[in-house]
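Notebook open. I want to look up the strands first, then the helices and the place where the chains touch.

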Amino acid sequence: MSPAKKLRDLRQEDFDRLLLWLDPDRERAGLIYEKIRWRLIAILASRGCLTPEELADETIDRVARRVVDIQQIYAGDKAIYFLGVMNHVHHEYLRRPTLPRLVEPHDDLETKEQVHACLDNCLARLAPYSREVIEKYYSENKQAKIDLRKQIARELGIKAATLRLRALRIREKLQVCIERCLEESAGGSVRHGTVL
Amino acid sequence: MFGRVRRRKREARYCFVNDMNTSQTFQPRSEDSIRRFLLGQLEPSEQSMFEEQLFTDSDLEDRVRLAEFELADDYTFKRLTEGEANSFGEKYLLTADRKQKLNVSKALGDRFMAVSRPEPRARIYRALPLLDIRQMTWRHAIAALVLILIFVIVFLARKEPQIVERILPDHFKQRHHATPTPQEMHHAAGSAAPAHSDESPVKPVHESPVVIALTSTNAIDQGPVIVLPSGENAVARFQLFIKADQEGVYRADLLTFAGEKIFYADSLKAYGSGPSSISFDVPVSALKSGQYEIRLTRTDNQAKRRVAQYYFRIQ
């Protein structure tokens, strides 16, 4: 079940109350919500849960239902409250009978081609310097990873640690761009846009 | 019963101490901890510490997000150990978001690794910039070195030819061709024979033999006086002149004054037009000071007649 569908199952007033509890500014509350959800998923995956996204949504669902009771009395970091509820959800999950893990189908050629097309599209939208960084960063030889990173960093006039961070930040932007592109291509044609 | 309780207490205390040690040394923000968290490889105590930190530390969250990309890249480019790769499949690749990250990593690998693969040598040079002989500095240095070498070789060849001779292989060496001049010991008939000495210089062993040209004579005292070169392997080449049109096969016998035969050469043939000559070599070691006679006999006819005799004296 998708997170959006799960949220639709929640009563709208519970979800609104949750966002309000997180932050009076709805937009900022939405960002906090996304961050908390990401953290829950990361932790549940690290604990080896096979359905971390579902368990994270279940956690948020439970918190949303309780906000009405706790919002007046709860003091402290609200995110930590999610962590406590998630532990309960996780314990319940561990008591459930283990389901066999479904075999993931291999990526079909069409999906692969779509990702490649979107990558080209998003690379073209990168600023020249960013593109140079990402190109050099990914063209390195796996055996000589560290040495070559130092070499590339020297060429770009930055430290190796800075190069790594810059490359990963650009990679993050590319990821967002590609995901957006894939969504668009699923609904229509791939569009060329402005520089990322 | 009490002993078992005490042991349990000891074990509990031991576990606690261990946890304390872990909490003291564990660095949730280190790259290693982040990586182990993503692969589900943290110890239980480390895991709970990390989770709490992740919920309160935005910077740590940011780093974990970036580490997710790096881990997907490392898996794609086969930089993970076997254990890490297994954990990657079991503990990391559990969400749609991470699977998409892996897809993008693969696409990036296909896009850029493929471009850079055809030039592994160039990569080595990039990794070792000081050894990159394509650099302009290296080119100039090599060109200067080649020029210096050429100057040195030319200088040596001109000033010290013996060094060049020593270095050069045998087939490149200039050969010394000995061009001995036949010395005809010819004396007018009836005239007093002058003391005739052969002035042939003493030559090295490997050089051409000394040529001693002799004409036939009946008088012993008319024979030339010859000074032979020294050396164990020195050779004297006797060139015996015969009358024209005496083609045939000959035998030459070398005898001492006492008539003792000390050397002979068989199957000799005349060569040359006009006055012909017959040549044969005698080791100098066989000749001592004294008077000698060479008897030339024709051997290609049944008569085997003596054709001529030649006299000379070794000084």
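I started with β5 (residues 249-256) of chain B and found six bridges joining it to β6(B), with the two strands running antiparallel. Pairing here asks for at least two bridges found by DSSP between two strands. The elements are DSSP runs numbered from the N terminus, with helices being H or I of at least four residues and strands being E of at least two. I looked up one rung of this pair: L255(B) stands opposite K261(B) in β6(B). The two strands make a hairpin with four residues between them, and G259(B) in the turn has a positive phi of about 90°.

A note on the source: this is a predicted model, so local features need pLDDT of at least 70 and side-chain atom pairs count only at pLDDT 80 or more, while totals for chains, interfaces and linings use all residues. Residues are numbered from 1 along each chain as its sequence is written, and chains are lettered from A and ligands numbered from 1 in the order in which they are written.

Next I traced the whole sheet. It is open and mixed, with five strands of chain B in the order β3-β9-β8-β5-β6. β3 (225-226) and β6 (261-269) of chain B are at the edges with a single partner strand each, so one side of each has no neighbour in the sheet. At the β3(B) end, I find parallel pairing with β9 (residues 306-314) of chain B over two bridges. There I226(B) has I314(B) as its bridge partner in β9(B).

Then chain A. I count nine helices and zero strands, so to speak a run of α-α-α-α-α-α-α-α-α along the sequence. Of its 196 residues, 28% count as buried, meaning 20 or more other C-beta atoms within 10 Å of a residue's own (12 or fewer is exposed, in between is partly exposed; C-beta atoms are placed from the backbone). Among the contacts in chain A with a separation of 6 or more, 59% are between residues 24 or more positions apart. A contact needs the C-beta atoms of two residues, placed from the backbone, to lie within 7 Å.

Which residues of α2(A) touch α4(A)? I first checked the geometry: the axes of α2 (residues 12-22) of chain A and α4(A) come within 8 Å and cross at roughly 75°. Axes are lines fitted to C-alpha atoms, for helices over the stretch in contact, with angles from 0 to 180 degrees between N-to-C directions. That makes α2(A) roughly perpendicular to α4(A); the classes are under 35 degrees for roughly parallel, over 145 for roughly antiparallel, 65 to 115 for roughly perpendicular, and oblique for the rest. From α2(A) come D14(A), F15(A), R17(A), L18(A) and W21(A), facing V63(A), A64(A), R65(A), V67(A) and V68(A) of α4(A). I get seven nonpolar, no polar and three charged residues in this contact. Nonpolar covers Ala, Val, Leu, Ile, Met, Phe, Trp, Tyr, Cys and Pro, charged covers Asp, Glu, Lys and Arg, and the others, Gly among them, are polar.

I also looked at α4 (residues 52-70) and α5 (residues 78-95) of chain A, which pack at about 125° with axes 9 Å apart. They are therefore oblique to each other. The α4(A) side of the contact includes L55(A) and V63(A), and the α5(A) side includes F82(A) and Y93(A). By class, that contact has eight nonpolar, two polar and two charged residues.

Last, the contact between the chains: 36 residues come from chain B and 37 residues from chain A. On the chain B side, α6(B) gives the most, with 13 residues. That side has 17 nonpolar, seven polar and 12 charged residues.
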